[in-house]
Every structure is written in C-alpha cells, then in structure tokens.
There are 2 protein chains.
Amino acid sequence: MKYRVGIDLGGTNIKAGIVNEAYKIIREASVPTLTGRSPEAIMDDMAGLVEMLLLDEKIEKEDVLGVGIGSPGMIDAVHKIVVYSNNFGWENVAIGAYLEKKLGFVIHISNDANCAALGEVKAGAARNAKNCVMITLGTGVGGGVVVNGRIFEGGHAGGAELGHTTLIAGGEQCTCGRKGCFEAYASATALIRDTKRAAMENEKSMIWRLCGGDLNLVNGKTVFDAMQTGDETARKVVKQYLHYLGEGITNIVNIFRPDKVLLSGGVCNQGKNLTEPLQNYIAQNSFAKEKGWLPEVEIATLGDLTGILGAAALVEEE
Amino acid sequence: MKYRVGIDLGGTNIKAGIVNEAYKIIREASVPTLTGRSPEAIMDDMAGLVEMLLLDEKIEKEDVLGVGIGSPGMIDAVHKIVVYSNNFGWENVAIGAYLEKKLGFVIHISNDANCAALGEVKAGAARNAKNCVMITLGTGVGGGVVVNGRIFEGGHAGGAELGHTTLIAGGEQCTCGRKGCFEAYASATALIRDTKRAAMENEKSMIWRLCGGDLNLVNGKTVFDAMQTGDETARKVVKQYLHYLGEGITNIVNIFRPDKVLLSGGVCNQGKNLTEPLQNYIAQNSFAKEKGWLPEVEIATLGDLTGILGAAALVEEE
C-alpha cells in the first residue's frame, strides 16, 4: 500500500491527513495556523504534523508517494512558491524547497480552489471526469479548473481566477479592485449584501423577522429561509442571485465546456433548488445551446474533506 | 524537406497552401466556396486544390506531414467533424474521415480562430510563446487559445468562445442570443453601432462629414479618423471602446495568464494607439496587478497568411 499526504494550509488551521490509494483519509490532525508567525514557523508545524501522522500509522517513508499542499493565495506550482497570500502576509515563500529539504518527500502545491476541484475529480462528485470546473461560493468566489485530469492554472501566476471575470463591468465593487466581477455578485458576501439591501427597501419583508430585526445577523441562508415562507422580497433576491450564477456559469461553459460544473460553499445546502434552475439556464443561454456540450451542474460532495483530499490529489501516480 | 498543407475554409473562398518547414507558403491557390452546395462538393474542391498544388510543386505524398483545415463554426477536433456551421448550413459533417479517404493524408481540423492563434505562435507575433490568446475583432469577436503550444478548445464542442462571455450581463444584444457578451461591445460591428449612435446624438460630429452624411457608410475606421480631427464625440466613442476591450482582455488575463495577448482585425491598424492603452489597462486592473503575470498585448502579424499558416500549424511534427 502506498500513501499520499495532503496538507490543507488554512487561515485558521493547518490540517494534514494521510490518504490511501482509495482516497480515504486514514488519519488526520490539525494545529492552529496562528498567522503572523514567520513562514518558517508555520512550515515547521506543517512538517511536524506530517511526521507525527506517519509515525502514528507506522508508515515507512518509502511508502509515501509525496506530499500535496493546498494554500490560499497566488501559487507558482512549477517552482513550488507561494507568490502572494494576503491571508498570511506572505510574498515569494519557497515552501516546496523548504519542506522537501526538511521532510525528504516530493512536495506539490496549488491554490486551494484548484485542489478542491482536483479532489472532486479524484474522489468526489466528478469522479472519473476528465474536465471539471468547481466554483466555491464563499466569502469570495473561487474557481478551480481541471483539464484532462490535471489542474489548469493558466500559463503564469494568477490564472484561473474565474471569480475575477466581469459579470457587469463597472458594477458592484469587487475585492480585487475592479468593479463588476462574478465574485461581486455570486459570493455569499454578495448574496448577504443583496439580502440586506432588499430588506432595507421592504420593511415588511420576512427577512427582518428571520434576523431578529438586526441586519448584521443576515447570513447566506436567511434569504432562502424567507423565501420558504412565501416572502416576495426574498423570492426576488434569490431569483436575481440565480440569474447572476447562471450568467457566470454560462461563461464558464462557453470557455471550458467541462464534463461537470460543481458548486460548493454554504449556499449549496439548497441542493436541487440551486442546481436545477442553473441547469436550465445554461441549456438556454450557452453558446449554440443544444448543439454544444451541456455539462451537468452538481453540488460538490467532499465537504470538509476537500482540503486534505484535494491537496493529496496533487501527488501523482508513480 | 517535409511539407504541411493548410486549408482555409472560408465563407467566400477555399484557400489552400503548401507550407515548408520554415512556415513559408511556397504555393497557394483558391476557389470560390459557393456555399449552398453539398458538403461533398465543397470537400471535393478542397481535395482537388491540395492535389493540384502538390502536383504543381512536384511534391511526393510521402513528403507531406499532413493537412490542416481551419473552418468557421463549432468543430469537434478529436473526431474531425464540423459539428455546426451556420456559414455553410452544415451539421455533423465528417470532414476528416471524408478527406482522409479521398487524399490519403492525416487530416487535422480546428476552428479558424483557434488556427489563427496557433499560426501566430508557430510563425507570427507570438513565435516561441507557449501560451497565447488571440482575439479577432471582426464581425464578431473570435477567441483562439494556445496552452502549452497546443490549441485549447475546452473539454467538449463549443469551448474557447471568449467572445461569448459577459462584459455587461443584460446589456447589448449578442448574436448568440444572450445579452451583454464581449462580442456585443468589442467587435467591429459593435464599434460601428456605437459610432452611429454617437453621431445620431451629436449632429455636429465630424463622423457625419467622414461618412458623407450617410451613416450606412460608417466603418470600423471612421471613428478613429474622426478622433484624429479632434472630434470630441469620436474621442468618447474610442475611449469607451478601449474600456470594453480592456475589460475583456483583463478577463482573459485573469483566466489564462498567457505569454502574449494578440489582437487582429481591421481595428488593429490603429497599432500602438490600441495596444498601449490596453497594456496600461491590464496592468491596473488584472487580478493582483503587478504581483501577477502581465502579458504583452500586441497586434498579430500574419495578416492574410493566417488562414493557411494557422491551418498548416495543426499538423504536428512527425
């Protein structure tokens, strides 16, 4: 039996896990990231986790195919460098070289959104797909692209940033500095903003009751819950949100024509209420409609396991 | 010496050329396409052109590496099928199988916009680039993408349609059925539309004089000529057009991070007046700005040779 190690380098915790050839996590552990520390301190903790896990499972070093790391930020996968991560305040941290020296394993690294997509292809909702795009609807909109079974990162650092392509140029302010990006309309943050705005304009909306009269308590679920009660204001917000998502996914279809488009993030608890209208939307709006390939739109399935499994999936077969 | 044959299957003419290993066209010929004829009649003409050229140059069949075809429409390059072309009224024409049987050469086929990009990589402005995106600003906006030296078409038919991604969702009507695509703002057609609109709103604009008072005579050059005379109306149209182009190219940068972004089409006669502001635009607007890779924005150089050279470039080394 051979093993992969996946490390999910997050802003809050560093999680690591040993993954077997069936893509099951057989043991995992985590430590707080404590950002603000030196890169070396954080990388030493990563190495320590890996060594502890292997010791606990009595796995010999020669049975480890390699270590994969999923990290937020802009990653140079070829040179194994975190080019830039505002979460950690890192610039040009040569994480691959450092950990290869320290651990003696081949290190692989990619952006966490890319890892998530690859993980779903290896072990989740897109198992056996060759081409897959995964959209994570969270604080931002993360895009992960798998082409021919491998992560597509673009030719140089900063590619595959699907959240930072325009939906409405000149529109809502985006975190990247531009106005009108997909992220500025389809993230959970954007949905919460639009929920609050709609409530402000409709003082009788159920949204107010569901957040106890305090709009600071609105979350990404509030508007769906309000819609369930028959609230018209909420229905309009959801309809508009699905329209934005539909437009953004249609763009992705017109560029990548993947086997599947996967969605993840808290909003995805809405399940078929989300995927069915989106499936219809791309059928009606993608280029050449039924003459072109229409991918399935599905919810990602790995959930909390994504980070470790996706990172481990960076390690290829021998 | 080995040779490639490139066929540029156009709506008006079928052009074919023999291309040597230095990517020079040593002989070419063309016949009218006469669309409306059966696919077989058109394919027979393609085969006839190829055989005539080889005969004229006294090239033996064993010295031909293969034949490449650039075609408008939606192409299935793997199965060598024209899935759909509204120019020819074709659906699922198995052009590869037909011509392989007829000619005895390996046939390669791709969308003409893709071929154009590959041609520029092999023999034009992006020579030696591994990753390149080419945008053709014509009646529509065609996108050709080269990743790692090969055409990127997406996972299935209908990918790499960069002209059909939103710039302003819900905006100007696009030919694809959606509203607000890049094509609906950045094509020559769109520029002419915006030139006419601006003239309608400004009866003293120089645009009127340059088209002899007949807005039907406005072309993609009119507004640039009017701007040269100091016309304020024209200046605003050009400024807005550059903004649209800048937004669309920024999207491409954020997804593909190519070595170069090339532009082609009549508008490109504006040269540095076009590329310099666009270069500045992506530097200021692409994701992570100077921390990410910033490609050069340049004008394509193959011009009329693109069709044949790009098609020939589909034929790989032995």
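1. Start with the contact between the two domains of chain A. In this predicted model, 13 residues of domain 1 of chain A are in contact with 19 residues of domain 2 of chain A. Two elements, β5 (74-76) and α3 of chain A, each supply at least two residues of the domain 1 side. The largest share of that side, 7 residues, comes from α3(A). By class, the domain 1 side divides into 8 nonpolar, 3 polar and 2 charged residues.

2. As for where the domains run: domain 1 of chain A is 3-124 + 305-312, and domain 2 is 132-301. Note that domain 1 is written as two segments. If you want a distance for the pair, the C-alpha centres of the two domains of chain A lie 28 Å apart.

3. Ala113(A) is a handy residue to click on here, as it sits in helix α3 (residues 112-123) of chain A. Is Ala113(A) buried or exposed? It has 27 C-beta neighbours inside 10 Å, and the cut-off for buried is 20 or more, so Ala113(A) counts as buried. Setting aside residues up to four places away in sequence, Ala113(A) touches Thr136(A), Gly142(A), Gly143(A) and Gly144(A). For a sense of scale, Ala113(A) and Leu34(A) are 79 residues apart in sequence and 21 Å apart in space, C-alpha to C-alpha.

4. Val67(A), in strand β4 (residues 64-71) of chain A, is another residue to look at. Val67(A) counts as buried because it has 27 C-beta neighbours inside 10 Å. Which residues is Val67(A) in contact with, leaving aside its neighbours within four places in sequence? They are Val5(A), Ile7(A), Val50(A), Leu99(A), Leu103(A), Phe105(A), Ile107(A) and Val315(A). Ile109(A) is 42 residues from Val67(A) in sequence, and the two C-alpha atoms are 8.5 Å apart.

5. Now chain A as a whole. The secondary structure of chain A comes to 10 helices and 13 strands. Its radius of gyration is 20 Å, close to the 20 Å that the globule rule gives for 318 residues, so chain A is as compact as a globular protein of that length. Along the principal axes, the C-alpha atoms of chain A fill a box of roughly 60 × 50 × 35 Å. Of the 318 residues, 56% count as buried. Among contacts in chain A between residues at least 6 apart in sequence, 59% join residues at least 24 apart.

6. Helix α5 (residues 188-201) of chain A passes the length check. Its 14 residues should span 20 Å at 1.5 Å a residue, and the end C-alpha atoms are 20 Å apart, which agrees. Which residues of α5(A) are buried? Ala190(A), Leu191(A), Asp194(A), Thr195(A), Ala198(A) and Ala199(A) are. When you look at that spacing, keep in mind that an α-helix has 3.6 residues a turn, so residues three or four places apart point the same way. The cover over the buried residues of α5(A) includes α4 (183-186), α6 (206-210), α7 (222-228) and α8 (232-256) of chain A.

7. Over in chain B, helix α8 (residues 232-256) gets the same kind of check. It has 25 residues and reaches 36 Å from its first C-alpha to its last, close to the 36 Å expected at 1.5 Å a residue. 18 of the 25 residues of α8(B) are buried, so this helix is largely enclosed by the rest of the structure. Just after α8(B), Arg257(B) takes a positive phi of about 40 degrees, in case you're scanning backbone angles.

8. On to the contact between the chains. 38 residues of chain B are in contact with 38 residues of chain A. On the chain B side, β6 (81-85) and α8 are the elements that give two or more residues. The largest share, 5 residues, comes from α8(B). By class, the chain B side has 17 nonpolar, 14 polar and 7 charged residues.

9. Last, the symmetry. Chain B can be laid on chain A with an RMSD of 0.0 Å by a turn of 180 degrees and a shift of 0.0 Å along the axis. The two copies are thus related as by a two-fold rotation axis. The same surface serves both copies, as 100% of the contact residues of chain B recur in chain A. Which residue of chain B comes closest to the rotation axis? That is Ile168(B), with its C-alpha at 2.0 Å.

Key: Residues numbered from 1 in each chain as written. Chains lettered and ligands numbered in written order. Predicted model: local features only at pLDDT ≥ 70, side-chain atom pairs only at ≥ 80, totals over all residues. Least-squares fit on C-alpha atoms with pLDDT ≥ 70 in both. Contact = placed C-beta atoms within 7 Å. Helix = DSSP H or I, 4+ residues; strand = E, 2+ residues; numbered from the N terminus. Rg over C-alpha atoms; globule rule 2.2 N^0.38 Å. Buried ≥ 20, exposed ≤ 12 C-beta atoms within 10 Å, placed from the backbone. Domains from an automatic or database assignment. Nonpolar A, V, L, I, M, F, W, Y, C, P; charged D, E, K, R; others polar. Expected span 1.5 Å × (residues − 1).
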